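The following exercises concern charged pairs, burial and nonpolar contacts. Please work through each task before reading its solution.

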Amino acid sequence: MEKIPILSLITFLPLAGALILIFINRNRENLIRYFSFAISLLNFIVSLKLYINFNPGLSSFQFQEEYSWIGMGINYTMGIDGLSLFLVLLTTFLMPISFLCSWTAIEDRVKEFNVFMLLLSTGMIGVFVSLNLFLFYVFWEVTLIPMYFLIGIWGTGRKIYVTIKFILFTMLGSLLMLVSFFVLYSIYYKATGSFSLDFQDLSRLILSPSVQIWLFLGFSISFAIKVPLFPFHTWLPDAHTEAPTAGSVLLAGVLLKMGAYGFIRFAFTLFPDALMICRSYIVLLSLVGIIYGGLMALAQKDVKRLVAYSSVSHMGMVMLGLLSLNRESVEGAIYQMLSHGISTGGLFLVVGFLYEKAHTRIIDEFGGLSKQLPLFSAIFVIIMLSSIGLPGLNGFIGEFLILIGVFKVNVVWTALGATGIILSVAYLLWAFQRVMQGKIKNERFFNFKDLNLRELFYFLPIIFFIFWMGIYPNFILKRTENTISKILNDIKYHEKIVVEDLSKKIKFINMN
């Protein structure tokens, strides 16, 4: 165990910052902004220690912390592997950027906004480091509360309707997940005579396929809502459209990844036989999501809804990669999760910048901004091309690996998945052309000023990682390869046991 419990430090440093904020006078808005930004930046710097000290040669969990908590198998257990390492880093990386982009955009209830942002950070990091399912559930729920208020208070338009819809969808998923946790908890007790919700204990259970399917559905519906997988996606475009820019950045950048993470960490590895039975159905939903999301993005008049629907398509591609279950496809899916966090987060920053200047998101009301905003235009082009997947930029690596992996499994899946890439070229290039090129349609746009120093500071790290991930992918791939091999081996190991069980060589643990 580490002398310094670094995972707890990274998880709860934002919460400590939020508690301190409560005692700062609400009228000192700039102090609140600087303090929140400093806490998030410090947390990012501390989290780099995980990357530096992570041993890529190990496939097991590292930096583990385990303390007795409630008892009855509900313990405080944390740890990370190659999968969760980069999702934690993505979260800590996007938090300072989110505070910077909110600097002038949030003028009302600044103190409360920053408190909820820091609380959200604790919830998101906690989800990725929890190894006890109860602790995972607690952090999962913690993310809902601040996001509820971020959209409901600082959102736009139909924010109340959107907030209620967001909560109803996610609470339904959470309830199913909680019921599944307790069923699994009961099964473990019947099998071993002791209680545990520790992931590593539960992963040793061998469940009959019929039991697995019910539990797999309970887990998967919750994760499918969060991804969001078609047809569970309907809350996402509304939530993105009405959320403040920082909320959209974190929603696309991190919260959607929680669903994909839940699938591969828990649903796939705990219920491999159910995965094999349900796999083709989930692949079908993923393919529908890829094409449907792309077509809907193409039809949008609001640039923010366009980016929101593009997330449905891109996350469908991530699910397709995960479900293809070979090294290249899973490697590509994880890489694409990180790339999507960077690129789509960047696109929401672009939309937020435009909205702050023009107070509109309707594409047809823009036009000709590239001459007025040359620096912003250059950044917009780079982020757009990264989302499309241009070689040399981050989006290309993930999509390329996914398509290679999927091609090994099914050519038709590959062809349909590639359709999403073609659609992304169409809707993003067309949107850029209508917003940035041609003649300026509105005289007040002549007064627009290009990026200031603060705005440049939150775009430059995004641009850096777009190029860095596109040119040198091994700084991620070398640290994820052993984790991916272990996950795939675990799934195959259970497959073998099921085959043996069919010949009645293995005794299953059944509910009765």
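A salt bridge is a side-chain nitrogen of Lys or Arg within 4 Å of a carboxyl oxygen of Asp or Glu. The model examined here is predicted.

**Exercise 1.** Determine which parts of the chain the salt bridge between R327 and E481 ties together.

Solution.
- Step 1. R327 and E481 pair through their side chains, with an N to O distance of 2.8 Å, which satisfies the criterion of within 4 Å.
- Step 2. R327 belongs to helix α13 and E481 to helix α19, so the bridge ties together parts 154 residues apart in sequence.
- Step 3. E481 has a relative accessible area of 28% and is therefore partly exposed.

**Exercise 2.** Establish how R327 and E331 are placed along helix α13, and classify the accessibility of R327 and of E331.

Solution.
- Step 1. The side chains of R327 and E331 also meet in a salt bridge, at 4.0 Å from N to O.
- Step 2. The two residues are four apart in helix α13 (residues 327-358), and therefore about one helical turn separates them.
- Step 3. Buried means under 20% relative accessible area, exposed over 50%, and partly exposed in between.
- Step 4. R327, at 38%, is therefore partly exposed, whereas E331, at 11%, is buried.

**Exercise 3.** Locate K165 and D238 in the chain and decide whether they are buried or exposed.

Solution.
- Step 1. K165 and D238 form a salt bridge whose closest N and O atoms are 3.0 Å apart.
- Step 2. K165 lies in helix α6 (residues 159-192) and D238 in helix α9 (residues 235-242); the pair links distant parts of the chain, 73 residues apart.
- Step 3. Both K165 and D238 are buried.

**Exercise 4.** Identify the residues with the most contacts inside the largest nonpolar core, and list the contacts of L184 beyond four places in sequence.

Solution.
- Step 1. The largest nonpolar core comprises 179 residues, and L184, F219, F268 and F376 have the most contacts inside it.
- Step 2. Helix α10 (residues 245-270) supplies the largest share of this core, 17 residues.
- Step 3. Leaving aside residues up to four places away in sequence, L184 touches L133, L202, L205, L207, L215, F219, L270 and F271.

**Exercise 5.** Describe the surface patch that includes Y472 and the position of this residue.

Solution.
- Step 1. F464, F467, W468, I471 and Y472 make up a nonpolar surface patch, with about 520 Å² of accessible area together.
- Step 2. Y472 is located in the loop between α18 (453-471) and α19 (474-502).
- Step 3. Its relative accessibility is 36%, so Y472 counts as partly exposed.

Notes. Residues are numbered from 1 along each chain as its sequence is written. This is a predicted model: local features need pLDDT of at least 70, side-chain atom pairs count only at pLDDT 80 or more; totals for chains, interfaces and linings use all residues. Side-chain values use heavy atoms; hydrogens and water are left out. A nonpolar core is a set of buried Ala, Val, Leu, Ile, Met, Phe, Trp, Tyr and Cys residues joined through side-chain atoms within 4.5 Å. Buried means under 20% relative accessible area, exposed over 50%, partly exposed in between (1.4 Å probe, protein chains only). Contact means heavy atoms within 4.5 Å. Patches are made of residues with over 30% relative accessible area and no salt bridge: like charges are joined within 9 Å, nonpolar side chains (Val, Leu, Ile, Met, Phe, Trp, Tyr) within 5 Å. Accessible areas come from the Shrake-Rupley method with a 1.4 Å probe; for residues, only the protein chains shown count as cover.
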